[in-house]
Amino acid sequence: MSTPVYITSAAAWIPPAESAKEAVADGRYVAEDFTTNNILCLPVASDEISVPDMAVIAGRRALDRAVDVVGGQVDLIVHASLYHQGRDWGWTSAPYIQRALAITDATSVNVEQCSNGGMVALDMAVAMLEAGRGASAMVTTADRFAAPTLNRWRGAYGIVGGDGATAMVLSTQSGFARVVAVDSLTDASLEPLWRGSEPFTSAYGEVAHDLRAPKKSYLEEVGKESVLRRCEDALVTLVRSVLKKTGHQIDDFAKILMPNMGHGLMAVQFLKPLGITSERTLMDWGRYTGHMGAGDLIAGVARLVEKKQLSQGDHVLLVSAGGGYSLTAAVLEIESVPEWPEATTDFALPADVTE
C-alpha cells in the first residue's frame, strides 16, 4: 500500500441474548441444528431501538475512541447491512447515521453485500483513503433479524442471526493496527445459491423470507459437491492472493477472524480449506453472538482488542464471505494494544448460559 491506512478504533453495540435451549424447547429452533451449530444464545434487540440507531451508538463509541486522531470527524462513512434498515425503499441509512453523529463535510454510502458487507465496506474505505480522497473513514454495520418476515433461528442452513451493530474508524494518520493488504473476489457462478429458481418479483412485499429455499433448489440442481468445491476454490484463491501481497503464510497469524456461523458450516467452509483449527479463531465467542449480519469481523476486531487477545507485532487475518458469492480478506499488523475502559462486545447472557 502506498498510503498507509490504520485502524484507529473499533466498537460494537450488542443487546442482551436469548437462550438457544429455550428456543428449542418452545419449537422455534430445531434440536439437531442446535447440536450442529453449537450456538448457545443470540442477542435480540427490542423494537424500542431502530436498526440505524444501533449503528449510531456503535459509531459514537468508535468515534470517541478515535477522537485523539480524527477529532470526531471523518471524511467517509460506509454503512453495510444484510437485512431491513427501517424503510423499504427511497431512503438510505448511511446519511441518517452521518446526521445523527453530527458529521459534516463527509460522504456517506450504503453497501448491501449480505454477510460480506462489512468487509466490502472496509475494502472500499481503504481504497478511497489510499487514493487520497480523505484522511479518515468510518465503517458501520447494523442488523436485526426481526419476525415476522424472518425467523432468526431457522432462517438459513447452518446460520442463526444475532442482532448487533459495529463501527470501525480508519485513518491515514495513526491507529492501533495497520491494514497491510485487503482484496475482494466474487465467484458469480454461485449467485443462484442465494436467488433460487423462483421468478423475479416486481415490488416489495410483507412475506416471510425463506433463506433455505434458494440454497435447496440450487443444491438439487448442481449437487452439494459442486458448490463446496467452488466455495473452497474461491476462498483459497483469495487468501493466497492476499498472502502473496504480504509475504505471509497462514501459520504467521496470531488470530484468524471469520463470520460467526454455525460450527458445522464453519468447519466445512473455512477451517478445512484453510487448514486451521478453531482455537486460532473467535468461534468460541461466536457461540454467544451468532451471525451479526454484516458486522461479525468488525465486532471480532473490537473483541480481540478489548480482551487483550493481541500483542504488538501480531498479525491478524480477516476472511469473510457473503451472497453472490462475495469474499473479502485483509491482513492487519498490530502496532499497539489500546486501553479501552469499556468492553463494548460484552453483553447480557441468558440465565442458562455462562462464559
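**Figure 1. Burial and overall dimensions of the predicted protein model.** Of the 355 residues in the protein, 56% are buried, where buried means under 20% relative accessible area, exposed over 50%, and partly exposed in between, with a 1.4 Å probe and protein chains only. This is a predicted model, in which local features need pLDDT of at least 70 and side-chain atom pairs count only at pLDDT 80 or more, while totals for chains, interfaces and linings use all residues. Residues are numbered from 1 along each chain as its sequence is written, and side-chain values use heavy atoms, with hydrogens and water left out. The protein has a radius of gyration of 19 Å, which agrees with the value near 20 Å for a compact globule of 355 residues; the radius is taken over C-alpha atoms, and the globule rule is 2.2 Å times the number of residues to the power 0.38. Along the principal axes, the C-alpha atoms fill a box of roughly 50 × 45 × 45 Å.

**Figure 2. Secondary structure, contacts, surface and charge of the protein.** Twelve helices and eleven strands are present in the protein; helices (H or I, at least four residues) and strands (E, at least two) are DSSP runs numbered from the N terminus. Among contacts with a separation of 6 or more, 80% join residues 24 or more positions apart, a contact being heavy atoms within 4.5 Å. The exposed area of the protein is about 15,200 Å², of which carbon and sulfur atoms supply 50%; accessible areas come from the Shrake-Rupley method with a 1.4 Å probe, and for residues only the protein chains shown count as cover. The mean positions of the 29 positive and 43 negative charges lie 2 Å apart. Lys and Arg count as positive and Asp and Glu as negative, without His and the chain ends, and each charge is placed at NZ of Lys, CZ of Arg, CG of Asp or CD of Glu.

**Figure 3. Close-up of Cys114 and Ser115 in the loop between β5 and α6.** Ser115 lies between β5 (107-111) and α6 (117-130) and is buried, with a relative accessible area of 15%. The side chains of Ser115 and His291 make a polar contact at 2.7 Å; such a contact is a pair of N or O atoms within 3.5 Å, where within protein one must be able to donate a hydrogen and the other to accept it, and residues adjacent in sequence count only if both atoms are side-chain atoms. Not counting residues up to four places away in sequence, Ser115 touches Leu82, His291, Gly293, Ala294, Ser320, Ala321 and Gly322. Cys114 is partly exposed, at 31% relative accessibility. Although Cys114 is not a glycine, its phi is positive, about 55°. Most residues other than glycine have a negative phi.

**Figure 4. Close-up of helix α12 and the residue that follows it, Lys308.** Helix α12 (residues 296-306) is largely enclosed by the rest of the structure, because eleven of its eleven residues are buried. Charged residues are among them, including Asp296, Arg303 and Glu306. Lys308 lies in the loop between α12 and β10 (315-322) and is partly exposed, with a relative accessible area of 37%. The phi of Lys308 is positive, about 55°, although this residue is not a glycine.

**Figure 5. Close-up of Trp340 in the segment after β11 (326-334).** Trp340 counts as buried, at 11% relative accessibility. Beyond residues up to four places away in sequence, Trp340 touches Thr8, Ser9, Ala10, Arg65, Phe176, Val305 and Glu306. Trp340 and Lys307 are 33 residues apart in sequence, with a C-alpha to C-alpha distance of 9.6 Å.

**Figure 6. Close-up of Gln98 in helix α5 (residues 93-100).** Gln98 is buried, with a relative accessible area of 13%. Its side chain reaches the backbone oxygen of Ile103 at 3.1 Å. Not counting residues up to four places away in sequence, Gln98 touches Ile77, Ile103, Thr104, Ala106, Thr107 and Ser108.

**Figure 7. Close-up of Glu279 in the loop between α10 (263-274) and α11 (283-289).** Glu279 is exposed, with a relative accessible area of 60%. The side chain of Glu279 makes a polar contact with the side chain of Thr277 at 3.1 Å. Glu279 and Ala102 are 177 residues apart along the chain, and their C-alpha atoms are separated by 41 Å.
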